[in-house]
Amino acid sequence: DSILYGGFGNWEAPNLNSHFSAFRFEFSAPYYGLSNTIEYSYKLEGFDADWSEWSVRTEKDYTNLTSGSYVFKVKARTN
């Protein structure tokens, strides 16, 4: 029910209370060509063991996260 936007440039990550245990990350790449050719791989450091497989999907849900520190990372590629 809330939106946190990091945008571009220097951004300080928010500290959230431990009652937040579910998150949806939505992401995109600044590519102005054919956006359907962009593939993404993501990782939630502190939770995921490795990067995800490459996919055209632009969102990722995480539920039942325990209290802790996490960093969500995304990388993009195109042909």
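## Pro30 and the loop between S1 and S2

Pro30 is exposed in this predicted model, its relative accessible area being 70%, and because the cut-off for exposed residues is over 50%, the assignment follows directly from that value. Its place is in the loop that joins S1 to S2. Although Pro30 and Ala76 stand 46 residues apart along the chain, their C-alpha atoms are separated by 9.7 Å.

## Overall architecture and confidence

The chain has four strands and zero helices, so that the order of elements, read from the N terminus, is β-β-β-β. Of the contacts in the chain with a separation of 6 or more, 53% are accounted for by residues 24 or more positions apart. Buried residues make up 14% of the 79 residues, while the chain exposes about 6600 Å², of which carbon and sulfur atoms supply 48%.

The mean pLDDT of the chain is 81, with 72% of the residues reaching 70 or more. Among the elements, the highest mean pLDDT belongs to S2, at 94, and the lowest to S1, at 86.

## The nonpolar core

In soluble globular proteins, nonpolar side chains tend to be buried together. Here the largest nonpolar core consists of eight residues, namely Phe27, Ile38, Tyr40, Tyr42, Leu44, Tyr62, Leu65 and Phe72. Strand S2, which spans residues 39-45, gives the most to this core, contributing three residues.

Phe27, a member of the core, touches Tyr40, Tyr42 and Phe72, and also Arg57, Thr58, Glu59, Lys60 and Val74, when residues up to four places away in sequence are not counted. Tyr40 and Tyr42 appear again in the surroundings of Ser52, which is in contact with these two residues and with Ser41, once its neighbours within four places in sequence are left aside. Ser52 lies in the loop between S2 and strand S3 (59-62), and because its relative accessibility is 19%, under the 20% cut-off, Ser52 counts as buried.

## Aromatic pairs and charges over rings

The structure holds nine aromatic pairs. One of them is formed by Phe25 and Phe72, whose rings are stacked, at 4.0 Å centre to centre and with 10° between the planes. This pair links distant parts of the chain, since Phe25 is in strand S1 (residues 23-26) and Phe72 in strand S4, 47 residues apart. Phe25 counts as partly exposed, because its relative accessibility of 25% falls between the cut-offs of 20% and 50%.

Phe72 also pairs with Tyr62, in an edge-to-face arrangement with 6.3 Å centre to centre and 75° between the planes. Here, too, distant parts of the chain are linked, with Tyr62 in strand S3 and Phe72 in strand S4, 10 residues apart. Both Tyr62 and Phe72 are buried. Ring pairs join these two residues with Phe23, Phe25, Phe27, Tyr40, Tyr42 and Phe47 into a cluster.

Two lysines are placed over aromatic rings. Lys60 lies over the face of Tyr62, at 5.0 Å from the ring centre, and the charged end of Lys75 sits over the ring of Trp51, 4.2 Å from its centre.

## The loop between S3 and S4

Asn64 is found in the loop between S3 and S4, and with a relative accessible area of 66%, over the 50% cut-off, Asn64 is therefore classed as exposed. Most residues other than glycine have a negative phi. Against that background, the phi of Asn64 is a positive value, near 55°.

Thr66 is located in the loop between S3 and strand S4 (71-77) as well, and Thr66 is likewise exposed, with a relative accessible area of 58%. The C-alpha atoms of Thr66 and Phe47 are separated by 9.4 Å, with their positions 19 residues apart along the chain counted as the distance apart. Phe47 is, in turn, one of the residues that ring pairs link into the aromatic cluster.

How values were computed:
Residues numbered from 1 in each chain as written. Predicted model: local features only at pLDDT ≥ 70, side-chain atom pairs only at ≥ 80, totals over all residues. Heavy atoms only, no water. Core = buried A, V, L, I, M, F, W, Y, C linked by side-chain atoms within 4.5 Å. Buried < 20%, exposed > 50% of the residue type's maximum accessible area, 1.4 Å probe, protein only. Helix = DSSP H or I, 4+ residues; strand = E, 2+ residues; numbered from the N terminus. Contact = heavy atoms within 4.5 Å. Areas by Shrake-Rupley, 256 points an atom, 1.4 Å probe, with all protein chains shown as cover. Phe/Tyr/Trp six-rings, centres within 6.5 Å; stacked < 30°, edge-to-face > 60°. Lys NZ or Arg CZ within 6 Å of the ring centre and 35° of its normal. pLDDT = per-residue confidence, 0-100.
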